[in-house]
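Student: I've just opened this one up and could use a hand finding my way around. Can we go through it piece by piece?

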Amino acid sequence: MEKIKRQSLKRSFMKAVAVTMLIVFFCSALAIFGCYRFQKHILPDSNEVWLTQQTTAPDGTVTEAKVRYVLDDLPAPFIQLVAGGQEHSESQGQTNYMIERIESSYSMLSPKARTAYLVSQICMVLLPLLFTVIGITLCAWWFYHKVLEPPITVLMDATAHIQDQDLNFQINFDGQNELGQLCTAFEKMRQTLYENNRQMWSMLEERRVLQASVAHDLRNPIAIMTGYVEYLQENSQGGTLTEEKLEKALSNLGITAERMGRYTDTMRDLGTIEEIEVHRREVELPDFLQHMADSLSILFQNTEVRFFCDFHVPKGRTVFDGELLYRVLENLISNALRFAEHQIELDFYLEHGTLSATVTDDGPGFSEKILRKKNALFYSEDTSGKHLGLGLAVSRVLCQKHGGTIELSNQSPHGACVKATITIKQ
């Protein structure tokens, strides 16, 4: 991939100023040169002279004629100058020649020429200043509208979205200067805020679902206890309450109270788990996963269920929380052991920065009711209250902390399948 060369704002500004200075200098030089040539055209040439010829006739009559010569031009022969209608000869008199330099000064100019000359001198001073002001103005306008305004507009628009608590947008700016880097950093900040808000709303939804689930599940034990209390009161007043009925009612009340205690312990345990922090460290795959599978095989001691493990991960180093993943798999395999008939299989997959672990068993599988409860925190159909689905609930919370999730499904022809995923860094 070709590396894009970064150009700083300082370098862009210096380049714009340099180009502006060159243009201003060129225009000023043209203006000064034009005014100078105009002044040279107005003023008489200092190299021009008047050649005067005076002829004195024998009768004392004096005639005079003038012709203009340029001293820098090629030498030209003097012509014989005579008065109009006369012919020249030696007997006609004496001829004298006189040369006068033409005065080249402002005082020799006509009023109109003087005005034009003054205007040209003023232009020689003012035009460079005017070009400088125009150049600075145009340079500032171009630099602002082409370099500064686009990213500033993008950032102001993004700020307005954030103020309106709207993070569902993108910052698209391809500048390679400091403002472009600022827009890129702003986009990363937006993505972080969006992800944090998504996780926060997800946690709030989890809390809402948890409260609804607990409130629903507590209805049964409360109703049972209320029914037994009414039963005891009615039979006590009627005198039909025997020792056997009383003992049975008290036993059922104790079981129900114990079940409600388990719900309380479950809520406390989940609150503790949500405070767990993720500690990532670098490990070597698939060796680390193999050691993890060897440790999990201890759970199959004293059981008739066989354990199979398969690795679909390439060799290499990666970063994730191995202790967290081990705890998730321990919960999933413990739950699978309750339903498996002959075997449990664990498969690891690594693709697109996600490590997934799939636990499958050959038991009866999940019911349609459980599969429909995608947003439920507890996955349990045990009406006895001994198994509240806490293992899956804990695994789900831990996976979410590691940027993953828990998915439930059934495999053909029978058996349950639980897929746990976490995000990793390679």
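Student: How many residues does helix H6 have, and how far does H6 reach from its first C-alpha to its last?
Tutor: Keep in mind that this is a predicted model. Helix H6 covers residues 322–337, which is 16 residues. At 1.5 Å a residue you'd expect 22 Å, and the helix comes close to that, reaching 22 Å.

Student: Which residue caps the N-terminal end of H6?
Tutor: Look for a side-chain oxygen by the start of the helix. One lies 3.2 Å from the backbone nitrogen of Glu323. That oxygen belongs to Asp321.

Student: Which strands does H6 lie across, and at what angle does H6 run to S8?
Tutor: The buried residues of H6 include Leu325, Val328 and Leu332. The helix lies across S5, S7, S8, S9 and S10. To S8, H6 runs at about 15°.

Student: Which are the edge strands of the open sheet?
Tutor: The 5 strands come in the order S5-S7-S8-S10-S9, with mixed pairing. An edge strand pairs on one side only, and that fits strand S5 (306–312) and strand S9 (405–410).

Student: What stands opposite Thr358?
Tutor: Strand S8 spans residues 354–361, and 7 bridges join it to strand S10, residues 416–423. The two run antiparallel. Opposite Thr358, in S10, stands Lys419.

Student: Is Val229 buried, partly exposed or exposed?
Tutor: Val229 sits in helix H3, residues 178–238. Its relative accessible area is 38%. Buried needs under 20% and exposed over 50%, so Val229 is partly exposed.

Key: Residues are numbered from 1 along each chain as its sequence is written. This is a predicted model: local features need pLDDT of at least 70, side-chain atom pairs count only at pLDDT 80 or more; totals for chains, interfaces and linings use all residues. Side-chain values use heavy atoms; hydrogens and water are left out. Helices (H or I, at least four residues) and strands (E, at least two) are DSSP runs, numbered from the N terminus. Buried means under 20% relative accessible area, exposed over 50%, partly exposed in between (1.4 Å probe, protein chains only). The expected span of a helix is 1.5 Å times one less than its number of residues. A polar contact is a pair of N or O atoms within 3.5 Å; within protein, one must be able to donate a hydrogen and the other to accept it, and residues adjacent in sequence count only if both atoms are side-chain atoms. Two strands pair if DSSP finds at least two bridges between them. Contact means heavy atoms within 4.5 Å. Axes are lines fitted to C-alpha atoms, for helices over the stretch in contact, and angles run from 0 to 180 degrees between N-to-C directions.
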